[in-house]
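This report looks at a single protein chain, beginning with its overall make-up and ending with one of its helices.

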Amino acid sequence: MNNTAHAQQQEVMVRISEIEIYPQYLEEYKTILKHEAAASVKLEDGVITIFPMFQKSTPTQVRILEIYKDQQAYQSHLKTGHFLKYKTTTLQMVRSLKLVDMDALDLEAATDIFIKLKHITVPHR
């Protein structure tokens, strides 16, 4: 890896949030999370993605791939109105939360993935 790519990789912050939701709140939580993720990506330049997913076999197990331009972008994200609203309105819905910081193995491949996604038409639900 060249020095430029290594420096860029060090700046980018990648995290996976592992969240378990109480079953009675699942649908409400998913609606709130979808809104928060969309607002974060649309309104914050430093948020590259907040991509929520849930396990097919256990939908109360939510995983969120979070990628931020850098640590400063993440800290800024935590202070936004839409994030604070998400955090306060979903607090009682969350059974457990684990934040797992990651290092990208190949940041260039991730860039190619996002470029490719831009050209895919996804049906609205």
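The text below takes up confidence, architecture and exposure, and then the setting of helix 4.

The model is predicted, and its mean pLDDT over the protein chain is 89, with 88% of the residues reaching 70 or more. Residues 1-9 call for caution, since pLDDT stays under 50 throughout that segment, for which the model has eight contacts beyond four places in sequence.

The protein chain contains five helices and four strands, arranged along the sequence in the pattern α-β-α-β-β-α-α-β-α. Among contacts with a separation of 6 or more, 71% join residues that lie 24 or more positions apart. Of the 125 residues in the chain, 31% are buried, while the chain exposes about 8900 Å², of which carbon and sulfur atoms supply 57%.

Helix 4, which spans residues 81-90, has the buried residues His82, Phe83, Tyr86 and Thr90. Seen down the helix axis, these buried residues fall within an arc of 100°, and therefore they line one face of helix 4. The face turned away from that buried side carries Gly81, Lys85 and Thr88, which are exposed. The elements against which the buried residues of helix 4 pack are listed here.

| Element packed against helix 4 | Residues |
|---|---|
| Strand 1 | residues 13-21 |
| Helix 2 | residues 26-43 |
| Strand 3 | residues 61-68 |
| Helix 3 | residues 71-77 |
| Strand 4 | residues 94-102 |

Helix 4 thus presents His82, Phe83, Tyr86 and Thr90 as its buried residues, whereas Gly81, Lys85 and Thr88 are exposed on the face turned away from them.

Key. Residues numbered from 1 in each chain as written. Predicted model: local features only at pLDDT ≥ 70, side-chain atom pairs only at ≥ 80, totals over all residues. Heavy atoms only, no water. Buried < 20%, exposed > 50% of the residue type's maximum accessible area, 1.4 Å probe, protein only. Helix = DSSP H or I, 4+ residues; strand = E, 2+ residues; numbered from the N terminus. Arc of directions from axis to C-beta. Contact = heavy atoms within 4.5 Å. pLDDT = per-residue confidence, 0-100. Areas by Shrake-Rupley, 256 points an atom, 1.4 Å probe, with all protein chains shown as cover.
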